Amino acid sequence: MSTQIIEQLKQSNHYAEAEEVIVDFEQKPSNEKKKLVPELARLLENGRINELVRSRAAELLGVSAAEVARKTLLTQLRREKSGLVRGRIALALARNFKGDEVAEAIIEQFKDEPSVMVRRIMSRALIETESSVAFKELLLLINEPDEKIRDQVIQALGKRQVAEAAPLLIERLDK
């Protein structure tokens, strides 16, 4: 089972193929997922492997919900050279591991992120963390220069009816 998932992931040439691997992996029992964590971590950390495979390895690590996977993702978020992979790591962390530590790591990376596209992915990750630390950062992002980031943040705050956001949103509306 483990070699089959890893081999399918390595042979994925586009997101649809990789998505099938993720769906298969999600259906595996928890103990089987955790067995793959060391191999997935090696894939993620190997900068010579194709970005698509590495970005999906990050997602599988998140789905495993293993503590060692969380630590690997947090460490790799800071080290990763590829913007695509950094974005996927942030999403994997946000979707699968809750807590302020995750939100703080994403915020730190978001602030240093040079790519607008990756910042957009990371702002989505911040929204998905549902952390109070993230909400404070999201309130600041109401005035983000990038229209798409600003839009998704405003929509998320409105959907969640965050009371602290109301005066800022009204002020933004006036602008």
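## Glu-113 and its partner Arg-86

Glu-113 is buried in this predicted model, because its relative accessible area is 5%, which falls under the 20% that marks a buried residue. Its charged side chain is engaged in a salt bridge with Arg-86, and the closest N and O atoms of the two residues are 2.7 Å apart. Since Glu-113 belongs to the loop between helix H8 (100–112) and H9, while Arg-86 belongs to helix H7 (residues 83–96), the pair ties together parts that are 27 residues apart in sequence. Arg-86 also counts as buried, because its relative accessibility is 8%.

## Other salt bridges

Side chains of opposite charge can pair when their charged atoms come close. Across the whole structure, a search finds 12 salt bridges, and a further one of them is formed by Lys-111 with Glu-137, where the closest N and O atoms are 3.8 Å apart. Lys-111 is a residue of helix H8 and Glu-137 a residue of helix H10, so this pair ties together parts that are 26 residues apart in sequence. The two partners differ in their surroundings: Lys-111 is exposed, with a relative accessible area of 54%, whereas Glu-137 is buried, with a relative accessible area of 9%.

A salt bridge within one helix is found between Arg-70 and Glu-67, with 2.5 Å between the closest N and O atoms. Both residues belong to helix H6, where they are three residues apart, or about one turn of the helix. Arg-70 is buried, with a relative accessible area of 14%, while Glu-67 counts as partly exposed at 40% relative accessibility. Elsewhere, salt bridges link Glu-19, Arg-56, Glu-59 and Arg-88 in a network.

## Leu-126 and its contacts

Leu-126 is part of helix H9, and it counts as buried because its relative accessible area is 0%. When its neighbours within four places in sequence are left aside, Leu-126 is in contact with Ala-103, Ile-106, Ile-107, Ala-134, Glu-137, Leu-138 and Leu-141. One of these contacts, Glu-137, is also the residue that forms a salt bridge with Lys-111. As for a residue from another part of the chain, Gln-8 is 118 residues away from Leu-126 in sequence, and the C-alpha atoms of the two are separated by 30 Å.

## Aromatic rings

The structure holds zero aromatic pairs. The ring of Phe-110 nevertheless has a charged group over it, for the charged end of Arg-119 sits there at 4.0 Å from the ring centre.

## Two loop residues with positive phi

Two residues other than glycine are described here for their backbone angle. Ala-65 has a phi near 60°, a positive value in a residue that is not a glycine, and its place is the loop between helix H5 (51–64) and helix H6 (67–79). Ala-65 is partly exposed, with a relative accessible area of 47%.

Glu-130 likewise has a positive phi, of about 55°, although it is not a glycine. Glu-130 is found in the loop between helix H9 (116–129) and helix H10 (132–140), and it counts as exposed because its relative accessible area is 52%, over the 50% that exposed residues exceed.

## The chain as a whole

The chain has 12 helices and zero strands, so that from the N terminus on its elements run α-α-α-α-α-α-α-α-α-α-α-α. With a radius of gyration of 17 Å, close to the 16 Å that the globule rule gives for 175 residues, the chain is as compact as a globular protein of that length. Taken along the principal axes, its C-alpha atoms fill a box of roughly 55 × 30 × 25 Å.

Of the 175 residues of the chain, 49% count as buried. Among contacts between residues at least 6 apart in sequence, 64% join residues that are at least 24 apart. The accessible surface of the chain comes to about 9200 Å², and 49% of this surface belongs to carbon and sulfur atoms.

Conventions
Residues numbered from 1 in each chain as written. Predicted model: local features only at pLDDT ≥ 70, side-chain atom pairs only at ≥ 80, totals over all residues. Heavy atoms only, no water. Helix = DSSP H or I, 4+ residues; strand = E, 2+ residues; numbered from the N terminus. Buried < 20%, exposed > 50% of the residue type's maximum accessible area, 1.4 Å probe, protein only. Phe/Tyr/Trp six-rings, centres within 6.5 Å; stacked < 30°, edge-to-face > 60°. Lys NZ or Arg CZ within 6 Å of the ring centre and 35° of its normal. Contact = heavy atoms within 4.5 Å. Salt bridge = Lys/Arg side-chain N within 4 Å of Asp/Glu carboxyl O. Rg over C-alpha atoms; globule rule 2.2 N^0.38 Å. Areas by Shrake-Rupley, 256 points an atom, 1.4 Å probe, with all protein chains shown as cover.
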